[in-house]
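Subject: Handing over the structure

Dear colleague,

Here is the structure I said I would pass on to you, with the sequence alongside. My notes on what was found follow below it, and I would suggest having both open while you read.

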Amino acid sequence: MIKAILVFNNHGKARLCKFYQHYTEEQQQHIVRETFHLVSRRDDDVCSFLEGGTLIGGSDYKLIYRHYATLYFVFCVDSSESELGILDLIQVFVETLDRSFENVCELDLIFHVDKVHNILSEIVMGGMVLETNMNEIVTRFMEQDKLEKSEAGLSAAPAKAAAAIKNIDLPSLPKDLKLPDLSKLPSFR
Amino acid sequence: MALKNVKRSIDRIFDKNLQDLVRGIRNHKENEVNYISQCIDEIKVELKQENVAVKANAVNKLIYLQMLGYDISWAAFNIIEVMSSPKFTFKRIGYLAASQCFHSDTDVLMLTTNMIRKDLGSQNNFDAGIAINGLSCFMTTDLARDLANDILALMSSIRPYTRKRAVLISYKIFLCYPEALRPAFPRLKEKLEDPDSGVQSAAVNVICELARKNPKNYLSLAPIFFKLMTSSTNNWVLIKIIKLFGALTPLEPRLGKKLIEPLTNLIHNTSAMSLLYECINTVIQGMQSHGSSIQGSQNLMKLCVQKLRILIEDSDQNLKYLGLLAMSRILKTHPKAVQSHKDLILQCLDDKDESIRLRALDLLFGMVSKKNLMEIIKKLMIHVEKTEGTQYRDELLSKIIEICSQNNYQYITNFEWYITVLVELTRMDGASRHGSLISSQLLDVAIRVKTIREFAANQMAAMLENAHAISGQLRRNGMQEVLFAAAYICGEFAELIEKPDSLIHAMLRPRVMTLPANIQCVYLQNIMKVFAIALIQAEEEEDNERALNLTRVLLEKLSLFLQSSYIEVQERASSTLSILKYIEKLQVKESLVAEEFSILFKGELNPVAPKAQRKVPVPEGLDLDAWINDPPSSSEDEQPEEEFPKKIYDELYSPTREKRKEMSPEEIKKRKEERLQEQASNPHYLMNKAADGYQKLDAEVDPGLAGELNISVPLHVPGLPSSERYLRMEQDRQRRAQAEKTVKKRHKKRGKKKFVHVSEDEEEDIAPTHAVDIVQEEMPEGAAKTDSENETTKDDPYRALDMDLDSPLTPSETLPRPRHHEVRSKPDEEKVVKEKKQKKKHKKKEVKKHKKKSRKAPTESLLVEEPANEQVSEVTQNTPDTIEKKENKAEAKDDLSFWLSNSDAVSAPEAAKKVEGPEKVVQVNGIEEDEDDHEVAPAKEKKKHKKKKDKKETKKHKKKHHNVNDTVEMEASSNLQLSSYKLLGENKEIKLEFETRSSSREEKKIVVSCLFENLTENHIKNIEFNILDTLNTRLVRTGGENSHDAVPIPFSLPALSRNECQLQLTASSVTMPQRMRGTVTYMVQDQEHTKQEKLDFKLHLPCSAYLVTTPFSSVFLFSFSNHFTKLLTSGDVPDKASVKVDSKGIPLDHVLQKLCFFLKLSVVEQVGDSASLYSSSIQHHHICLLVKAAANGFISVDGKSNNASLLSNIMDQAKEIVQG
């Protein structure tokens, strides 16, 4: 089982928190902070496994993470999950984001948390892995997007226009997550 | 209408959306909190709007704020409003918000049951998807109970998208509502073989989670998983299955045997590291539970270790880490296999990655043996010197000590060496944290190993004598604690010290005054002990001069301690001095004092067992629970009794350890300030004087040593041996031993070759250089010798899921039907209802008015929603289940043991072929099987093989026979795509298929399992099933229903879905086939209205419907083939019939297969071109068939039975089947 999925940037700012077990908001923040401290002090060339923090975890739990450019993707899992499998799953998640956002970058995650959640819900459900096939995930996500658009129809036009105007002054931050060699996915290919 | 919408949304375009909120927060970095609280106020206003779009937008923003740590539970009700919106866009936002902030204690959740149910049954599969997804995050016991049935129905949805979600969430249902597990389990099991790989994966996932906690209940699924493992290509599924097997093998040794072959293949062939790693892990787990008893496991283990080495050598740190992790697991069972890779592991100590270094250390910990301990420790000590990070160095140090002291110093053969290592450690840099650890080790060894005491005492004496030279280093390293042990050991074993006088001088050096107070105290106390010994020696030599001198020196030097700033030291010094003065007085009178004086320190020190205090027997008549005084008021804290002895222990051994840990620098500073203030206001406190005096004293007495010696290179102090010496000694010894051994070998070889049993690997028994006489720990008298530690039984939620899944369901075990909470008419429920009504009436009313209305009639409107379910008859569905379960259980058990026993008879290479076959037994009743043709080939080969074997062996080997007949049976069901489902009736809306099931336990009942399939895009409900009873066969109706009443079907069919219902029929006679008429009525509900429809059908029940698959072995347990012959000749089966049919070139095997499948026969024996088959009816008629392949492609079937009519009907059927 996956206990939590956290995405935060190099400064520890949460970009996505998904807990599959109940914690109060305060505890959640604490966990994010603690996890950030554990993960951020590790070099990039060390292994991706950590034997849990104090708040989330216990002996059975592991933190498994990957670091992409400005973002950390951290999964907290128990012993029923395969370590390398989860690493691949993180990769699947990021690649799916990359496909859905077309060259995903931190900004996409910042401004579209809801979308990220929706994508994640196609991959993991209630702490259990639901789908690992990237095509299937992306197709389903797109289908839902389409459904949403068809629902919005005419009435959404003014809002869209307004959003376009508002978006003009978006700060230009580096727009690349720098996905490392994406061919390295032994488990799912 | 559309225009209105546009206008409304134009009104709202100036509301912030999520992106605006994020941008706003980013732009208000300095007063974020203010900005957010302002936004929350806005959101609150927005939530009060009627427009759902506005609400949804607000909720969407709340989701973001929740991530930032803001509690949004106050909006729970609004979230539910948004969830109940008919639009997918808003619904999704609602469910997302709910999944983020709802939890099992959220009280509004109970209002959501019906809404969620509606979404689950929605036409749109994404609605169901988001509902399930949300539900997975906030499942409660109530929701689980109320929705279990709906989820179960969705598990057979035609859409894989929904199906896999339903399967996955069933785990959450079981967790919250364990009662659902048993009723739902058959379906879950069925999903393991779902055509969609996603669904299959979900089912595997769920069962693995379940089995992880209670593996033994899932043992019977092993064959299915085994098949999956050999056929699946999805690595994710494979990993899960392999993990599951890891949990199962400890329970069933035979399973381990079966797994060797496929696992070896996987390990050899897979390119996925994750899979390889899990395979290795499972192998390790299997080995752990059964040792290496299993044949072939040694090779496998070798392979694993070999692969692990590759992992560890890989440049990928992750693989390296996992490799080491797995190695440490192997270590427990196969230490030798790991020890050969010592070089690699030692290499990992140099890795830049700390987690890897720590793993390697862990491994070393388990790798030590008597033989290699010295070598390993040597390498570790080199690492201690080399490493930079203090944390890792600390870790190394404590590991060294841990390694040496494990299991009561099990691996130490030479304690001199160990003492030397400890002494060397004290001189290492940065060992700061472990001073007290080393100190307690020294004490422990010296006290518990009698023979080492002399060496230890002299070493310690040397250390004390050289303390002035190394004390600077010691202090810097925080190693002064060691002096505590040194002084104590010297004092305690003073009689073993060579030169007590010089020791006394050394211990009286003024620098001692700079040591911490507790160490000074120990010094004082132990000086006296040494002094006592010195006195005795002096008096024995009648050297009064020496004695008196000593006393005077002591008197002189000890007076310094009177000025100590530590009260404890002062006090000890003063009492010591008065004793000394008295002694001096006596000595001047030339009377002997030594003996009397030494009495003060008499008594041997023995170690006390850690459990000793607990084991002190309670004296008779003492009631520890009784109050001695009246109980104090509850506010007073009691000192727990148990802490007491521990405290004493701590004080004795490490008085400063705790303090040091507790106080952070700030704390110390704070305390100091407090103290200074206190001192300032205390008139009795002598300002600074004490400290001044002490400093002066230091300077006066020993000016040369006032500055600290900062020697960075550890001094080689003469008299302190280096541990390397021992290593060399040991190596020499080993070399010599080796040489001797080879000589011996040669010698022996020359002699009798047969008796040479010397193996290289043999762990030689190293004779310890010291007789390791570890002193028995003291126990209180009368302590009971029970070593059992009380197990702490944890209370975990998974215990509730520990249930027998193979035993049949009882009628009471049903999933609760959705029922309405009539009492509750909470506002929220009304809202949901309200929407329904709005939709139906297509009227726009003002909300307030509406509210009033719905409040009046909540129950009425609820009924509209679920009309069918109330009248559901539970028994119809469940009793058949019971029968089926019973049957299955017996079958399952037989199957498993057969499946497992299979490999006993077959040697390893054949196992792979076998793999394909056995699991099919389970599927005898299987519905649709996707078998590839290639599977036929191995099965055939195997059979040929079997036949050959058979000829060779006598018929008495019943095990072999068992195999033969089951093998054939297996093939029978496996090679063809056989489905026993027949079409019952079909129109353009609904399609019915049926299958009959029977059980030998029910003499007059059979079950018709009817599959209803909705062919329309509409909802079909109120399905009722009716059959026109005949005299012989009747439909079982529950309750007092009339014999003409229809049986309601307990489910409704969403668009394009199908579901199965089981109906019971009674039959008084089973010898004739039956034809019956029946009708199914149902309501089709589309957008506008509902219409009633019906479908007429004819139900044809052939005689085979009354037959039960009865492997002959289960009728006659022993030597059944003899019994079969007996049965045939006994006259119990007088009726005969025979037919001859053109099989049209179909091979005999296929014919047998079909006959077995459709007529529920099983093969008793097959020899050459003929086979005997057997079955019995539910009323226990025998049916014996002999099928022969005659010339010209004809097949002859001869039958015998004790009922002519049944036999002739069966023969007719057989004829049809053979002809195709």
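A good place to begin is Val618(B), which is partly exposed, with a relative accessible area of 48%. Please keep in mind, here and in everything that follows, that this is a predicted model. Val618(B) sits in the loop that runs between helix 34 (612-615) and helix 35 (643-653) of chain B. Together with Leu622(B) and Leu624(B), Val618(B) makes up a nonpolar patch on the surface, and the accessible area of these residues together is about 290 Å².

Chain A

Turning to chain A, you will find six helices and seven strands, and, read from the N terminus, their order is β-β-α-β-β-β-α-α-α-β-β-α-α. Of its 189 residues, 60% count as buried.

Strand 1 (residues 2-9) of chain A deserves a careful look, since eight of its eight residues are buried and the strand is thus mostly covered. This strand pairs in the antiparallel sense with strand 5 (residues 71-77) of chain A over seven bridges, and within that pairing Phe8(A) stands opposite Tyr72(A). Strand 1 of chain A also pairs with strand 2 (residues 14-19) of chain A, again in the antiparallel sense, over five bridges, and here Val7(A) is the residue that stands opposite Leu16(A). Strands 1 and 2 of chain A form a hairpin with four residues between them, and Gly12(A), which lies in the turn, has a positive phi of about 85°. As background to these pairings, strands of a sheet pair through backbone hydrogen bonds, either parallel or antiparallel.

The sheet in chain B

In chain B, five strands form an open sheet in the order 1-2-3-7-5, with antiparallel pairing. Strand 1 (982-986) and strand 5 (1033-1035) of chain B stand at the edges and have a single partner strand each, so one side of each is left without a neighbour in the sheet. From one strand to the next, the twist averages 30°. Within this order, strand 3 (residues 1005-1014) and strand 7 (residues 1058-1067) of chain B pair in the antiparallel sense over nine bridges, and Phe1012(B) stands opposite Asn1059(B) of strand 7 of chain B.

Salt bridges

How many salt bridges are there over all chains? The count comes to 39, and I describe a few of them here, beginning with chain B.

The side chains of Arg309(B) and Asp343(B) meet in a salt bridge, with 3.4 Å from N to O. This pair links distant parts of the chain, given that Arg309(B) belongs to helix 17 (residues 297-313) of chain B and Asp343(B) to helix 20 (residues 342-348) of chain B, 34 residues apart. Asp343(B) is partly exposed, with a relative accessible area of 40%.

A salt bridge within one helix joins the side chains of Arg572(B) and Glu568(B), with 3.4 Å from N to O. Because these two residues are four residues apart in helix 32 (residues 567-588) of chain B, Arg572(B) and Glu568(B) are separated by about one helical turn. Both partners count as partly exposed, Arg572(B) at 28% relative accessibility and Glu568(B) at 39%.

Salt bridges that share partners also join Glu131(A), Glu136(A), Arg140(A), Glu143(A) and Lys164(B) into one network. One of the contacts in chain A is the salt bridge in which the side chains of Arg140(A) and Glu136(A) meet, at 3.0 Å from N to O. These two are four residues apart in helix 5 (residues 134-152) of chain A, and so they are separated by about one helical turn. Glu136(A) is partly exposed, with a relative accessible area of 22%.

Cysteines

Finally, how many disulfides does a search of the whole structure find? Over all chains, the search finds zero. Two cysteines may still be worth viewing: Cys47(A) counts as buried at 0% relative accessibility, and Cys101(B) is likewise buried, with a relative accessible area of 8%. The cut-off for buried is under 20% relative accessible area, which is why both of these residues fall in that class.

With best wishes

Notes:
Residues numbered from 1 in each chain as written. Chains lettered and ligands numbered in written order. Predicted model: local features only at pLDDT ≥ 70, side-chain atom pairs only at ≥ 80, totals over all residues. Heavy atoms only, no water. Buried < 20%, exposed > 50% of the residue type's maximum accessible area, 1.4 Å probe, protein only. Pairing = 2+ DSSP bridges. Axes fitted to C-alpha atoms, helices over the stretch in contact; angles between N-to-C directions. Patch = residues over 30% accessible without salt bridge, like charges linked within 9 Å, V, L, I, M, F, W, Y side chains within 5 Å. Areas by Shrake-Rupley, 256 points an atom, 1.4 Å probe, with all protein chains shown as cover. Salt bridge = Lys/Arg side-chain N within 4 Å of Asp/Glu carboxyl O. Disulfide = S-S within 2.5 Å.
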